[in-house]
Amino acid sequence: MKQIDRIILINVITTAIVSGVFNVFTGIHVKNLGFGEGIVGQVLSIGSVSIALGSMLNAYLSSRIGFKKTISLGLILMSIGILGVSFLTSPFLIKLFSGLMGVGYGFPFSSIGVLLIENSSEKERVKVFSKNFVSQSLGTVCASYGAGRLIKTFGKIFAAEKSIPLVYLFCAFLILFSFYPLNGLKDREIIKDKKNKDFFRGFKEVMSGQALKFVIYNTIIGFGAGLVIPFFSVYLKFSLNIDNEKVGVIMGLSQLGLVIGGLLVPYISKVLGRENTVVICQLLSIPFLISIAFPQGIFILGISFLLRSTLMNLNQPLIQNISLETVDYENRALMSSIVSMSSNVTRAISMIIAGYLMENVSYNFPYYITVVLYLIGTTVFYKNFKVEKPLRGGADE
């Protein structure tokens with residue numbers, strides 16, 4: 001198995017579990033235990049903050065012991081975390097193990113982009129990132145749909161509140177399967193040999209210039225996303241009274257659009273340019289976000305999920321690429337971690353706010369705020385990233 005394929009497989013397994021299963025059904029699981037949206041928001045918020053913490057720990061540890069060992073630690077923490085969320089009923093313990101799950105996920109999450117860049121040449125890089133994105137999206141689709149089907153099947157045999165924990169148990173074993181591709185992964189010497197580099201000095205570069213501008217943009221978008229995206233499944237289940245299987249189908253459908261978008265993005269970006277592709281797609285996604293807040297039936301709702309998700313996220317390979325270009329070669333792991341932190345910390349704050357608003361105002365209100373933040377974030381990106389810059393570093397240097 002090639003190095004790129006190993007990296008992508010690790011990403012597919014971990015992302016599918018987190019995005020396709022954990023993020024979709026944890027809110028429903030917590031609600032099934034008898035807790036309100038406020039607790040749901042806190043659980044998801046802690047998970048998001050913990051991803052940021054894990055990403056920062058990964059930036060430090062990977063510079064000392066390599067990506068392979070840090071990802072191994074992350075996989076173990078993910079498995080323990082999802083098991084704790086599955087079978088514990090105390091809100092405090094659920095939050096604790098959700099945090100553990102997030103820390104574990106932060107390790108592979110912030111490593112994948114750096115590993116892809118270091119193991120690809122400049123000419124093939126957009127295609128490599130697109131391949132990873134498509135594979136990740138397909139994995140999330142299958143995980144979301146498959147989990148929905150399993151939950152429905154288990155619900156016929158066991159009590160409804162036990163069906164999601166049983167699926168999480170299966171996911172814990174699947175996470176450990178990632179050790180198979182990880183065992184064959186090789187850390188490049190230049191990644192491991194950083195004794196002569198000051199880790200903390202890298203913050204100066206990351207928190208200045210174009211890198212800082214990207215972090216600001218990412219923070220705004222992350223805050224807006226945290227107001228609605230983590231609650232999509234709860235919104236579908238408890239506001240629109242859609243059953244678990246259909247929730248899985250709709251959430252999976254939203255990811256299916258990413259597969260199509262991921263396949264098209266190398267060609268679209270050639271025509272429009274990377275930066276213009278990001279701006280245009282984010283703006284076009286907003287009407288469909290508004291449509292979700294005012295659903296016109298399950299068919300239109302599904303189409304809105306598909307198109308919103310496609311347009312807002314098909315540019316992720318481009319955004320990931322652009323962010324890592326804003327810093328020098330040796331600071332890419334740190335930049336990846338700070339981007340993750342800026343997004344996840346702000347999402348965590350907005351999740352708590354969204355949980356309160358949905359429980360005390362309405363399910364629709366956070367959508368209005370998200371629309372405004374998406375417009376502001378897109379404007380910030382457009383003003384600061386009009387000119388493409390050449391890639392630096394990588395496998396061809």
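At what angle do helix α1 and helix α5 pack, and how far apart are their axes? The legends below take up this pair after an overview of the predicted model.

**Figure 1. Overview of the protein chain in the predicted model.** The protein chain contains 17 helices and zero strands. Of its 397 residues, 56% count as buried. Among contacts in the protein chain with a separation of 6 or more, 86% are accounted for by residues 24 or more positions apart. The chain exposes about 16,100 Å², of which carbon and sulfur atoms supply 66%.

**Figure 2. Packing of helix α1 against helix α5.** Helix α1 spans residues 3-32 and helix α5 spans residues 125-157; the two pack at an angle of about 40 degrees, with their axes 7 Å apart. The helices α1 and α5 are therefore oblique to each other, and their crossing is right-handed. On the α1 side, the residues that meet α5 include I4, I8, V12, A16, G20, V24 and F25. The α5 side contributes, among others, V128, N132, S135, G139, A143, A147 and I151. Polar residues also take part on both sides, including D5, N11 and T15 in α1 and K131, Q136 and T140 in α5.

**Figure 3. Surroundings of T370 in helix α17.** Helix α17 comprises residues 365-384 and includes T370. The relative accessible area of T370 is 0%, so this residue is buried, the cut-off being under 20%. Leaving aside residues up to four places away in sequence, T370 touches G224, L227, V228 and L289.

**Figure 4. Surroundings of L83 in helix α3.** L83 is located in helix α3, which covers residues 67-87. With a relative accessible area of 31%, L83 is partly exposed, because this value falls between the 20% limit for buried residues and the 50% limit for exposed ones. Residues up to four places away in sequence being excluded, L83 touches L169 and A172. L83 and S98 are separated by 15 residues in sequence, and their C-alpha atoms are 9.5 Å apart in space.

**Figure 5. Cysteine residues C142 and C171.** The structure holds zero disulfides. C142 has a relative accessible area of 54% and is therefore exposed, the cut-off being over 50%. C171, by contrast, counts as buried at 4% relative accessibility.

Definitions and conventions:
Residues numbered from 1 in each chain as written. Predicted model: local features only at pLDDT ≥ 70, side-chain atom pairs only at ≥ 80, totals over all residues. Heavy atoms only, no water. Disulfide = S-S within 2.5 Å. Buried < 20%, exposed > 50% of the residue type's maximum accessible area, 1.4 Å probe, protein only. Helix = DSSP H or I, 4+ residues; strand = E, 2+ residues; numbered from the N terminus. Contact = heavy atoms within 4.5 Å. Areas by Shrake-Rupley, 256 points an atom, 1.4 Å probe, with all protein chains shown as cover. Axes fitted to C-alpha atoms, helices over the stretch in contact; angles between N-to-C directions. Parallel < 35°, antiparallel > 145°, perpendicular 65-115°, else oblique. Left-handed = near helix turned anticlockwise from the far one by under 90°.
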